[in-house]
Amino acid sequence: MAEHHWGWLIAIYLFLGGMGAGSFMMAAVFELSGLRYEHDFCPTAMAGAGVSGPLILVGVLLLVFDLGAGLREPWRIPLMFTNFGSVMTWGIWILTLFLPICFLYGLLELMHNQPGIMVWVRKRLRLLARRWRFLPRLWRLLPRPLRVMPEVLPYRWIKRIVCGAGIVLAVGTAVYTGVLLSVVKAVPLWNTPILPALFLVSAISTGMGLSFDLAATLALPEIHRRYTAMPLVHMFFIGLEVVLLALFLIVSLSRGGEAAESARLILIGNRSVVFWVLVIGFGMVYPFMVHVYAFARHSHGFLSGILSGAGIVIAGLFVRYLIVAAAIPITM
Amino acid sequence: MNHNEMHLHQVRRWPRWAVVPIGLGLAGFAVVLGLILEPAGYALSPVKVEPTATIPAVGYGRDISDGCHDCHFSLPALQASADDPVHAEAYLIEPESIHTTHGSLGCVACHGGDGEVADKETGHRGLIADISQAHPEQCIICHQDLPDQVPGDELLVPHQLVESKIVHGEPGNLFCSDCHGGVGHGFDPVSGEIYCSMMICVDCHTEQEDCSTCHQGGDLEAQMTGCDLCHDSPHDVGEQLTCPCCHTSVETWQEIDASSHPVELPGRHGQVHCFECHTWPNFKGLHYICTDCHRSGHTEWGDDECTQCHDPGATWDIVASTWDKHVELWDMYKGDHLQVKCQGCHFETYTGLDPSCDTCHSLPQSHDESYTKCWLCH
């Protein structure tokens, strides 16, 4: 009989889902706290808002591709929305609600940063209206409030509403990726409430790593000078992730059986090089040291910022991959 | 211009939206890097033991079971291919059953074989009649920590023992299918929509040669004499009474021997279900006042205790012969009057009735109007 191997596809889905949610949270915090408006251009908000939708969409497509049944019999997909006893149904609802919000926020942020978009849209519409005469008639059929097309939308007001709703769903998405695994009783390594907490913190960390340390730093190398408290935030989340990861492995070791065997695979087994070098070394210790240095000096170098961001993102990917790949099911 | 300023100058010429593709590109790059680095890390690792990174799973086989449906959904098709057409119906499957939870896994998921060929012999090669017997661990993948007491049914079942034996690979002769055999074909033991007859249990107990499969230690003979081997009484009278004292059927609990009731249940009262009068499960809160269940047809007359006038073993139409107060109210309540139904005199109400004979009787033509007191002669 065919066996289901959970490997890279699921790990990448969990990673992209978490990082997308984390990027949204990062941008939403900048938006809601007003940090986004302290300067003319906030690349962190632009990056976080812009990447969250595509990242989660790619992750969801990978999940559908991995499951297979959705491709073979797509008419069964609606049934997945109705089984409320299943964690997957919760996740589907969260993602279904969250994805449009991500894209809407990305579009609003883009239009806010590039006001010319609205002018361009208006010009294109006029051209289209001249070419196809029925379009103005259709336009007049719309209710009057919808026919108003202001040159400048109240972006800040709209984005506050979108971010307020989206940040709740972003937390739900990040936690759900952990809950999805933690309810699998057949794999003792996953069957722990620490996993959702670890995935949430990792999602926030990778979201910061991608939207602030990588994308924003590449676009604006001076960005670390703007937000001097950012290294402290980084240190907090990296430290919290280390604590949760340690707790996760210690609890697994103490439980014995397959959980301990899985943890040993990560710590001293065939996954140990990846764990110690890429996750702990490059993904946690190095970024932590960079941010300690940056906090003391109120800044750090362009390259070290980029590398610490890369380390955090790589660690987020491998934390999920190791947890998925080292899973040993209960002995039957 | 230092290095940072030079870099800043270059970057600011990018459009603002460029951070989005940069971020997406970096995310993609991280994934590619991970895919490259992981095998490298694995190659450098000191231990080369491949973990069993596999979730135990029942193979999904619905879309490769169409060949099974072609025959097993159609009696003529089964009869045409059967060695003994007389028994072909036993292998007929309701098409609706493939939409149940287990049925949706597909025939070959549990029964093996090849569901994509038309040839019967090839299709049945490697057939597994009972997966819970051949590969019981396949059931345990989903069904773990099953309760030893079925909620709501007070039924004791050795789920944990069976599960433990399967998990530890110990031999046993009790299988999931012994009780849940039709689970893939429409039988749903959990919802309770289709009941499993106790005779299935009794037959199985009779057939089992090795009682220790389920019963480890203890005085088995003593246990077998009582229903409490499998059933946990929900009633507080369970310690004083055994189940057969009241329950008469092994098919349904509701069949009760009314004569076991400590108080006589006259008339139709012996036919009502116990918990229409008592409170489940412990017979407390007894409803013994007539109006708890019955609604009086004459609220202007009498109180809640109907038995003062009515016989609880008879119908409501006749006043109980033991009710002597009716004579005190109307001294003509005797003779043929006793056979008249209440409404025969009480046309509208039970109060203010005129006791004169002509209320009911008309004066015969042989009598003139001066005869008003019938009872003087009759």
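Here are some exercises on a predicted two-chain model, each with a worked solution.

**Exercise 1. The two chains in outline**

Task: Find how many helices and strands chain A has and how many chain B has, and then look up what percentage of residues counts as buried in chain A and in chain B.

Solution:
- Begin with chain A, where the secondary structure amounts to 14 helices and one strand.
- Chain B has 16 helices and three strands.
- Now turn to burial: 47% of the 332 residues of chain A count as buried, while for the 378 residues of chain B the figure is 11%.
- Finish with contacts between residues at least 6 apart in sequence: in chain A, 79% of them join residues at least 24 apart.
- In chain B, residues 24 or more positions apart account for 47% of the contacts with a separation of 6 or more.

**Exercise 2. Two residues, two settings**

Task: Decide for A:A49 and for B:T291 whether the residue is buried, partly exposed or exposed.

Solution:
- Locate A:A49 in helix 2 of chain A, which covers residues 43-67.
- Count its surroundings: 36 other C-beta atoms lie within 10 Å of A:A49. The cut-off for buried is 20 or more, so A:A49 is buried.
- Look at what A:A49 touches beyond four places in sequence: A:A27, A:Y105, A:G106 and A:E109.
- Check one distance as well: the C-alpha atoms of A:A49 and A:F103 are 7.8 Å apart, although 54 residues separate them along the chain.
- Move to B:T291, which sits in helix 14 of chain B. This residue has 13 C-beta neighbours inside 10 Å, so it counts as partly exposed.
- Outside its neighbours within four places in sequence, B:T291 is in contact with B:S296 and B:D304. Its C-alpha atom is 7.6 Å from that of B:E305, 14 residues away along the chain.

**Exercise 3. Helix lengths and burial**

Task: Work out what span is expected for helix 14 of chain A and whether its end-to-end distance agrees or disagrees.

Solution:
- Helix 14 of chain A runs over residues 302-325, which is 24 residues.
- At 1.5 Å a residue it should span 34 Å, and its end C-alpha atoms are 34 Å apart, so the two agree.
- Next, check burial: 19 of the 24 residues are buried, so helix 14 of chain A is largely enclosed by the rest of the structure.
- For practice, repeat this with helix 2 of chain B, residues 19-44: its 26 residues reach 36 Å from first C-alpha to last, close to the expected 38 Å.
- Its buried residues include B:V19, B:L26, B:A30 and B:G41.

**Exercise 4. How helices cross in chain A**

Task: Describe how helix 13 of chain A crosses helix 11 and helix 14, and then how helix 1 crosses helix 14.

Solution:
- Two packed helices are described by the angle between their axes and the distance between the axes.
- Take helix 11 (residues 230-255) and helix 13 (residues 272-297) of chain A: their axes come within 9 Å and cross at roughly 150°. That makes the two helices roughly antiparallel.
- Helix 11 passes helix 13 in a left-handed crossing. Residues in the contact include A:L232, A:M235 and A:I238 of helix 11 and A:F288, A:H291 and A:F295 of helix 13. By class, the contact has eleven nonpolar, two polar and one charged residues.
- Go on to helices 13 and 14 of chain A, whose axes come within 8 Å and cross at roughly 145°. Their crossing is left-handed.
- Among the residues that meet here are A:F275, A:L278 and A:F282 in helix 13 and A:G311, A:I312 and A:F318 in helix 14. This contact divides into 15 nonpolar, five polar and no charged residues.
- Last comes helix 1 (residues 8-33) with helix 14 of chain A: the axes come within 9 Å and cross at roughly 140°. That makes helix 1 oblique to helix 14.
- Helix 1 passes helix 14 in a right-handed crossing. The contact includes A:W8, A:L14 and A:F15 of helix 1 and A:L317, A:R320 and A:Y321 of helix 14. Its residues are nine nonpolar, two polar and one charged.

**Exercise 5. A cis peptide bond**

Task: Find which form the peptide bond from B:W280 to B:P281 takes and where B:P281 is placed.

Solution:
- The bond is cis, with omega near 5°.
- B:P281 is in the loop between helix 13 (274-277) and helix 14 (290-293) of chain B.

Note on methods
Residues numbered from 1 in each chain as written. Chains lettered and ligands numbered in written order. Predicted model: local features only at pLDDT ≥ 70, side-chain atom pairs only at ≥ 80, totals over all residues. Helix = DSSP H or I, 4+ residues; strand = E, 2+ residues; numbered from the N terminus. Buried ≥ 20, exposed ≤ 12 C-beta atoms within 10 Å, placed from the backbone. Contact = placed C-beta atoms within 7 Å. Expected span 1.5 Å × (residues − 1). Axes fitted to C-alpha atoms, helices over the stretch in contact; angles between N-to-C directions. Parallel < 35°, antiparallel > 145°, perpendicular 65-115°, else oblique. Left-handed = near helix turned anticlockwise from the far one by under 90°. Nonpolar A, V, L, I, M, F, W, Y, C, P; charged D, E, K, R; others polar.
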